[in-house]
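Biologist: Please take me through this model, and show how each label is earned.

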Amino acid sequence: MEWDYAIGMVAAALAVGVGAGLALARIRRPGGPARTGGPEGSAAIEPDDDRPGGKHGLKGLGRKSLDSLRVGVVVLDADDHPVLVNPAARAMGLLRSGGAPGTIAAHPILRTLAGQVRRTGVRREVELDLPRGRAGGGHAPLGLHLRAVALNATHVAVEAADVTESHRLARVRRDFVANVSHELKTPIGALQLLAEALLDATQLPEAAPEAQSEDLLAARRFAERIHHESARMGRLVNELLELTRLQGAEPLPNPEPVSLDWVIAEVVDRTRTTSSAKNIEIAYEGPKGSMVYGSDSQIATAVTNLVENAIAYSGEDTKVSLTMRHTDDWIEIDVADQGIGIAPQDVERVFERFYRADQARSRSTGGTGLGLAIVKHIATNHGGRVDVTSSLGDGSTFTLRLPARPPESPSSSPTAIEIESGVAGR
């Protein structure tokens with residue numbers, strides 16, 4: 001892929017370019033050009049075209065390699081001054097005018113990422129949209145995937161890939177799914193009402209059922225099927241809307257403390273009807289008073305989907321166990337069943353949308369194939385994860401892992417900064 005190739009080129013170019021620059025800085029003659037700059041940034045970033053080529057004649061190879069990349073690269077020093085920038089980074093508007101005339105400075109978001117990398121020593125990656133042009137200019141936002149990596153104790157390299165088109169396609173896809181789902185809700189609701197009317201009209205009398213005509217019996221059977229499929233379609237539309245919201249069509253609510261005692265009670269109440277129909281016992285074991293942080297409705301939905309999935313794939317007169325474990329940083333909720341289990345080749349794919357390990361069984365139970373995908377997105381959006389361990393014939397255990405501590409306060413990085421194309425690169 002172009003992104004993987006670019007990362008490799010960046011690593012090689014940085015090693016050559018930065019190393020040559022530091023070496024030349026030590027042996028530069030007093031009469032040579034001096035670097036000037038103020039507290040807000042350097043006046044200019046020196047090219048290496050005038051550097052000696054060495055015995056192999058590779059003059060300016062590091063700089064030329066960086067300049068040929070479509071990925072933007074900015075190297076910041078200990079004071080967050082840009083010491084190395086390629087043309088792609090300038091074109092993306094990652095440089096701005098400094099505080100003093102004739103100076104340049106890195107974009108504040110780059111400086112924020114560099115500061116976080118220096119403090120933690122951990123590589124940071126973030127994907128965001130930045131405004132372009134003057135306010136109200138109508139320009140589409142610039143989608144960037146930023147990756148900040150420490151080169152040494154002071155210098156940080158920030159790579160920027162333009163993902164504007166993928167962001168636009170993702171927005172179009174989410175809007176399409178949301179709009180179509182909203183439009184389908186009305187006819188599906190009408191279909192369910194008509195199916196219920198047909199069921200009432202074809203109600204079989206208790207006396208002498210064998211005397212009923214074949215047409216009435218067929219109409220009754222078709223009405224029951226229409227009602228079942230329309231209800232399944234209604235669930236599918238609702239879950240598509242929920243999945244669209246989780247994927248970013250709507251912002252996530254601010255994380256708040258969520259009582260897991262309430263979540264467990266809500267889950268048992270929601271699944272009581274389906275579990276009673278199959279005489280399945282739902283048993284809970286775990287500490288009281290545990291808390292997680294996020295959206296109470298989403299966490300309850302995630303655990304409910306796991307329990308409903310366990311009920312759907314379990315036989316009658318079995319048990320579904322909920323077990324909670326608590327550590328300093330994490331809460332783990334296990335949902336274990338005594339069902340048919342999952343084949344090894346299907347374990348890695350059960351969280352994909354519309355993927356079913358057992359197609360026939362899923363349709364007979366009215367499954368939509370979206371329940372586990374929703375669980376995965378809820379866990380990811382809360383900074384956690386969901387895993388599964390299973391074997392055929394021995395049941396399955398799904399583990400939902402959520403943070404037990406409140407999230408750290410977000411860094412004061414600007415999210416709505418205007419980038420003027422005329423300033424970048426000057």
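**Two sheets and a bent helix**

Modeller: The model is predicted. One open sheet has five strands, ordered S4-S3-S9-S8-S7, and its pairing is antiparallel.

Biologist: Why are S4 and S7 at the edges?

Modeller: Strand S4 (82–85) and strand S7 (124–130) each have a single partner strand, so one side of each lacks a neighbour in the sheet. Neighbouring strands here are turned by 20 degrees against each other on average, direction ignored.

Biologist: How do you know that S7 and S8 pair?

Modeller: Pairing needs at least two bridges. S7 and strand S8 (residues 142–150) have seven, in the antiparallel sense. One example is Leu 130, whose bridge partner in S8 is Leu 142.

Biologist: Which helix packs on this sheet and touches S7, S8 and S9?

Modeller: Helix H5 (residues 164–201) does, and its direction makes about 70 degrees with that of S7. Helix H4 (residues 108–120) lies across strand S3 (72–76), S7, S8 and strand S9 (156–162). H4 runs at about 30 degrees to S8.

Biologist: What span is expected of H5, and what does H5 reach?

Modeller: H5 has 38 residues, and at 1.5 Å a residue the expected span is 56 Å. From first C-alpha to last, H5 reaches 56 Å, close to that expectation.

Biologist: Where does H5 bend?

Modeller: At Lys 185, by about 30 degrees. A proline, Pro 187, follows within four residues.

Biologist: Which residues of H5 are buried?

Modeller: The cut-off is under 20% relative accessible area. Among the buried residues of H5 are Thr 164, His 167, Arg 174, Ile 188 and Leu 199.

Biologist: What makes the pairing of the other five-strand sheet, S11-S13-S14-S16-S15, parallel, antiparallel or mixed?

Modeller: That open sheet is mixed. S11 and strand S13 (residues 319–326) pair in the parallel sense over five bridges. Glu 285 has Thr 323 as its bridge partner in S13. Strand S15 (residues 385–390) and strand S16 (residues 396–403) run antiparallel, joined by six bridges.

Biologist: Which strands stand at the edges of that sheet?

Modeller: Strand S11 (281–285) and S15 do; each has a single partner strand, so one side of each is left without a neighbour in the sheet. The average turn between neighbouring strands is 15 degrees, direction ignored.

Biologist: Which helices pack on it, one touching S11, S13 and S14, another touching S15 and S16?

Modeller: Helix H7 (residues 260–270) touches S11, S13 and strand S14 (330–336), and its direction makes about 170 degrees with that of S13. Helix H12 (residues 371–381) touches S15 and S16, making about 135 degrees with the direction of S15.

Biologist: What do S15 and S16 form, and how many residues lie between them?

Modeller: They form a hairpin with five residues between them. Gly 393 in the turn has a positive phi of about 85 degrees. Asp 387 stands opposite Thr 399 in S16.

Biologist: Why is Val 335 called buried?

Modeller: Val 335 has a relative accessible area of 1%. Buried means under 20%, so Val 335 qualifies. Val 335 is found in strand S14.

Biologist: What is Val 335 in contact with, its neighbours within four places in sequence left aside?

Modeller: The contacts include Leu 306, Val 307, Ala 310, Val 320, Leu 322 and Phe 398. The C-alpha atoms of Val 335 and Val 388 are separated by 9.5 Å, and the two residues are 53 apart along the chain.

Key. Residues are numbered from 1 along each chain as its sequence is written. This is a predicted model: local features need pLDDT of at least 70, side-chain atom pairs count only at pLDDT 80 or more; totals for chains, interfaces and linings use all residues. Side-chain values use heavy atoms; hydrogens and water are left out. Helices (H or I, at least four residues) and strands (E, at least two) are DSSP runs, numbered from the N terminus. Axes are lines fitted to C-alpha atoms, for helices over the stretch in contact, and angles run from 0 to 180 degrees between N-to-C directions. Contact means heavy atoms within 4.5 Å. Buried means under 20% relative accessible area, exposed over 50%, partly exposed in between (1.4 Å probe, protein chains only). The expected span of a helix is 1.5 Å times one less than its number of residues. The bend at a residue is the angle between axes fitted to the seven residues ending there and the seven starting there.
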